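This briefing sets out the computed features of one protein chain, grouped by topic. Please consult the sequence and coordinates alongside the points that follow.

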Amino acid sequence: MMHMTFYWSRQVTLLFSSWRTDSWPSYLLTLLACVLASVFYQYLEHARYIVRHGGNPAAEEPLLSNRSGVGKRSGRKIADGLLFGLSSGLGYLLMLEIMSFNGGVFVAVVLGLSIGYLGFRSDDDDGIGGVNSTCACA
């Protein structure tokens, strides 16, 4: 039976009909898998950020750049595209996990996203091209 509201139970079917939990150990392993998948999602987003900035997040890309290094740039585009596809697919799987409406799964995904953000992405935009770092407002 598919739940349409949040429920708190150790019995959950997640993503596949064969992925069912009916005991505390299997439920806790499922929650751990949700946390790890969420942390990995944030890692992929961080890797995309690094690829986009050419391995040097502090270097800003000029608005009008010359065409030298086109091969290197196309390699970065391919890597960025592959990482985007991986992170998008994983993001949709995380969304489907949350749509199981199990409260523990929801908390595990949000906790994993938070841990991953703090571990990988909290420094991504600090002073690098942000609105406050380039604004010359008085």
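From the N terminus on, the elements of the chain run β-β-α-α-α-α, which comes to four helices and two strands. The model is a predicted one. The points below move from the whole chain to the annotated spans, the aromatic pairs, and two buried residues.

**Whole chain**

- The chain has 138 residues, of which buried residues make up 26%.
- About 9400 Å² of the chain is exposed, and carbon and sulfur atoms supply 65% of that area.
- When contacts between residues at least 6 apart in sequence are considered, 71% of them join residues at least 24 apart.

**Annotated spans**

- According to the unreviewed UniProt entry, the annotation "transmembrane region" covers residues 24-44 and 101-120.
- In the model, residues 24-44 are 100% helix and 0% strand, with 30 Å between the end C-alpha atoms.
- Residues 101-120 are 90% helix and 0% strand, and their end C-alpha atoms lie 27 Å apart.

**Aromatic pairs**

- The structure holds five aromatic pairs. One of them joins Phe-6 and Phe-106 in an edge-to-face arrangement, at 5.3 Å centre to centre and with 65 degrees between the planes.
- Phe-6 lies in the segment before strand E1 (12-13), whereas Phe-106 belongs to helix H3; the pair therefore ties together parts that are 100 residues apart in sequence.
- Phe-6 counts as partly exposed, at 47% relative accessibility. Phe-106, at 35%, also counts as partly exposed, because the partly exposed class runs between 20% and 50%.
- The pair of Trp-24 and Tyr-27 has ring centres 5.9 Å apart and planes at 75 degrees, so this pair is edge-to-face. The angle criterion for that class is over 60 degrees.
- Trp-24 and Tyr-27 are three residues apart in helix H1 (residues 24-52), and about one helical turn therefore separates them.
- Tyr-27 counts as buried because its relative accessibility is 6%, and the cut-off for buried is under 20%.
- Phe-6 also belongs to an aromatic cluster, which is formed by Phe-6, Phe-101 and Phe-106.

**Asn-102, in the loop before helix H3**

- Asn-102 is found in the loop between helix H2 (70-98) and H3.
- With a relative accessibility of 0%, Asn-102 counts as buried.
- The side chain of Asn-102 reaches the backbone nitrogen of Val-105 at a distance of 3.2 Å. This separation falls within the 3.5 Å cut-off for a polar contact.
- Not counting residues up to four places away in sequence, Asn-102 touches Phe-6, Tyr-7, Ser-9, Gln-11, Val-12 and Tyr-27. Two residues from the aromatic pairs above, Phe-6 and Tyr-27, are thus among the residues that Asn-102 touches.

**Gly-112, within helix H3**

- Gly-112 has its place in helix H3 (residues 103-121).
- The relative accessible area of Gly-112 is 0%, and the residue is therefore buried.
- Leaving aside neighbours within four places in sequence, Gly-112 is in contact with Val-35, Ser-38 and Val-39.
- The C-alpha atoms of Gly-112 and Gln-42 are separated by 8.7 Å, although these residues are 70 residues apart along the chain.

Definitions and conventions:
Residues numbered from 1 in each chain as written. Predicted model: local features only at pLDDT ≥ 70, side-chain atom pairs only at ≥ 80, totals over all residues. Heavy atoms only, no water. Buried < 20%, exposed > 50% of the residue type's maximum accessible area, 1.4 Å probe, protein only. Contact = heavy atoms within 4.5 Å. Areas by Shrake-Rupley, 256 points an atom, 1.4 Å probe, with all protein chains shown as cover. Phe/Tyr/Trp six-rings, centres within 6.5 Å; stacked < 30°, edge-to-face > 60°. UniProt positions renumbered as here; feature names shortened; annotations may be inferred. Polar contact = N/O pair within 3.5 Å; in protein donor to acceptor, adjacent residues only side chain to side chain.
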